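Here is a quick tour of some charged pairs and one surface patch. Have the sequence and the model side by side as you read.

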Amino acid sequence: MIPRVGSSGSDIPLETQMLLLEAKEGPTSGHSTYIIFLPVLDGKFRSSLQGNSSDELEFCVESGDPAIVTSQSLKAIFVNYGNHPFDLVKDSMMILEKQLGTFTLRETKQMPGMLDWFGWCTWDAFYTEVNPQGIKDGLMSLSQGGTPARFLLIDDGWQDTVNEFQKEGEPFVEGSQFGGRLASIKENKKFRRIDNEAKSKAPSDLKEFISDIKRTFDLKYVYVWHALLGYWGGLVPNALETTSYDPKLRYPILSPGYLANMRDISMDSMGKYGIGVIDPDKISQFYDDLHSYLVSQDVDGVKVDAQNILETISAGLYGRMSLARWFQQALERSIATNFKDNSIICCMAQSTDSIYHSKQSAISRASDDYYPEDPTAQAQHVAAVAFNSIFLGEVFVPDWDMFYSLHDAAEFHAVARAVGGCGVYVSDKPGQHDFKILERLVLPDGSVLRAKYPGRPSRDCLFTDPVMDGKSLLKIWNLNKCTGVVGVFNCQGSWPRTKKAVRMAASSELSGQVSPADVEYFEEASGNQWTGDCAVFSFKTGAVSRLPMEGSLNVALKVLECDVFSVSPIKVYDEEIEFAAIGLMNMYNSGGALETVESLGDSSGCKIHVKGRGAGCFGAYSNTKPKSCSINLKDEAFNFNGHDNLLTITIPATVNSWDIAICY
């Protein structure tokens, strides 16, 4: 799923799953009304929107099964309007949650614990060549660099699979990897020693390996990857260990809407090689067998990929709505039964078939894959996850995917994760890390400073194209407990499947403005005693500015450059002291380190207590120099710059959580 912008009906592509319109009373009017169209699920039918050459808006209603037809759909599209775009989306999804009864909103779901810990995924480090020693090497190098992974995702490559389309000694055919099928629910011989292989370096089994790395590297969570149907090509039909699930070979059929958008090698290949589809009546047994086995091997959760496959194999299987509901319910039931922590990351699940059937799953990928070798994919990835989170973020914590910390676009991705409110995990090859970047994301204990909400584009970016208009920067806003945060990105380049691209010289800059008003719902952080002004800290320049809420700063960025601004409310204490805690200025999301800011006043003066976590340089705006500062009751030296009213205190590396007392 990717965003598109336009001004007429013909600009609306096939398979549109959410349409947001901005209407103005006149060309010079500053007042906007927003209208949302949400195509939904109606019984056995699923709707989408599309424009035509006459600038009309069409509804496309489909079942995925030629035998299931209708001449009407009375609940195809939900329409609503309002004056606040983010309230409108939220309110609309709340209404749909009640009316449809098939999904639940993000706020009501149990959040998996891994979201708040730094992670490492094996995919771009090894691809399917993942192996026990390589995993140990990667965990070791991250730990030795001071940013230990506490969450590990063992991606594709651990399972027991066979591939009849890849013969030893024959040249590799691109796409043939998607012809592989699952032979059993157990791990392959890289992770399990066979009885007659006494000299093998493989662990005795997956459990021995996972228990070992959990002890050695203090891992809190280990997830493993599997596809919705076991593997890309499903299950091996007629194999000894798969017969109980009665898999039958089926060949995916892609809908006209799908074909009109992205041609994807995985989907095309599965259509060519076929899929061993598990009998829907046996899918609950399959998930329960697989997940209970994984739990017995000390696995904490799963990433479930290729969830969109059901829409392509639903002919003769009750249609795509019934099939999606059946499989989703079975999957979520198994997760709830076997794992303790709602431990699932959904992937390739961006169609409304999946979204509107999600009752429990709390995390879902918000983009195409991260492609480190494709220079054009970096900017569009960040833009896509931000815009997609407008819709997906009401139902899930959007997963913004992994990235390389040692890469030309590493900081661009890192800042996006810092403001995205998403999990933070890299896929570095062992020993190939940029710890300067990682240390700005990860605390020494392996935790991350995750913002409160899904990161989304600022209101003035909603109807711009920050990837292809040649003039717009992308701003992504979020909130912490005590501050707001805005990431600013130059994403200019090209969207996939477009014939033109914006060619900007590497040295040329785009200019824009960033404002405290870019942070929606700022009153959640500002609370009482707020002056109406904010302290705005630029990570890139290190400068602190005092701005009124509607004030702004200029920002200029080259392609794939970014900055992140912490926005802290300046409050009045003891009638004279104006103070705003910024947080850890060495972290991209500085304000994410703050837990509370409170004041205590008596006859001896005013004392402001700032509680938080992490080591480094604590910064705050103060209109006057304090008398003294302490950290956890121990007096500490501080610096005060009267020019920009910046107060800084160094928090020692040995301190994890702190209570800073600033005395006036």
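## D353 and its partner

In this predicted model, D353 is tucked away: its relative accessible area is 5%, and because anything under 20% counts as buried, D353 falls in that class. Its side chain meets that of R46 in a salt bridge, with N and O 3.3 Å apart. R46 sits in strand β4 and D353 in helix α9 (residues 352–355), so this pair ties together parts that are 307 residues apart in sequence.

What is the relative accessible area of R46? For R46 the value is 0%, so this residue is buried as well.

## R46 has another pairing

R46 also meets E62, again side chain to side chain, in a salt bridge of 3.4 Å from N to O. Here the link runs between two strands: R46 belongs to β4 (residues 45–51) and E62 to β5 (residues 57–62), with 16 residues separating the two. Both R46 and E62 are buried.

Zoom out a little and these contacts turn out to be part of something wider. Which residues join R46, E62 and D353 in a network of salt bridges? The others are E15, E311 and R320.

## A pair elsewhere in the chain

For another buried pair, have a look at R456 and E394. These two form a salt bridge in which the closest N and O atoms are 3.7 Å apart. R456 comes from strand β19 (residues 456–457), while E394 comes from the loop between α10 (377–392) and β17 (397–399), so the pair ties together parts that are 62 residues apart in sequence.

Are the two partners buried or exposed? R456 has a relative accessible area of 5%, so it is buried. E394 is buried too, because its relative accessible area is 3%.

As background, side chains of opposite charge can pair when their charged atoms come close. Over the whole structure, a search finds 33 salt bridges, and the pairs described here, R46 with D353, R46 with E62 and R456 with E394, are among them.

## A nonpolar patch on the surface

Now for something without charge pairing. L57, F59 and V61 make up a nonpolar patch on the surface, and together they have about 230 Å² of accessible area.

V61 is part of strand β5, the strand that also holds E62. With 33% relative accessibility, V61 counts as partly exposed, whereas E62 is buried.

How values were computed
Residues numbered from 1 in each chain as written. Predicted model: local features only at pLDDT ≥ 70, side-chain atom pairs only at ≥ 80, totals over all residues. Heavy atoms only, no water. Salt bridge = Lys/Arg side-chain N within 4 Å of Asp/Glu carboxyl O. Helix = DSSP H or I, 4+ residues; strand = E, 2+ residues; numbered from the N terminus. Buried < 20%, exposed > 50% of the residue type's maximum accessible area, 1.4 Å probe, protein only. Patch = residues over 30% accessible without salt bridge, like charges linked within 9 Å, V, L, I, M, F, W, Y side chains within 5 Å. Areas by Shrake-Rupley, 256 points an atom, 1.4 Å probe, with all protein chains shown as cover.
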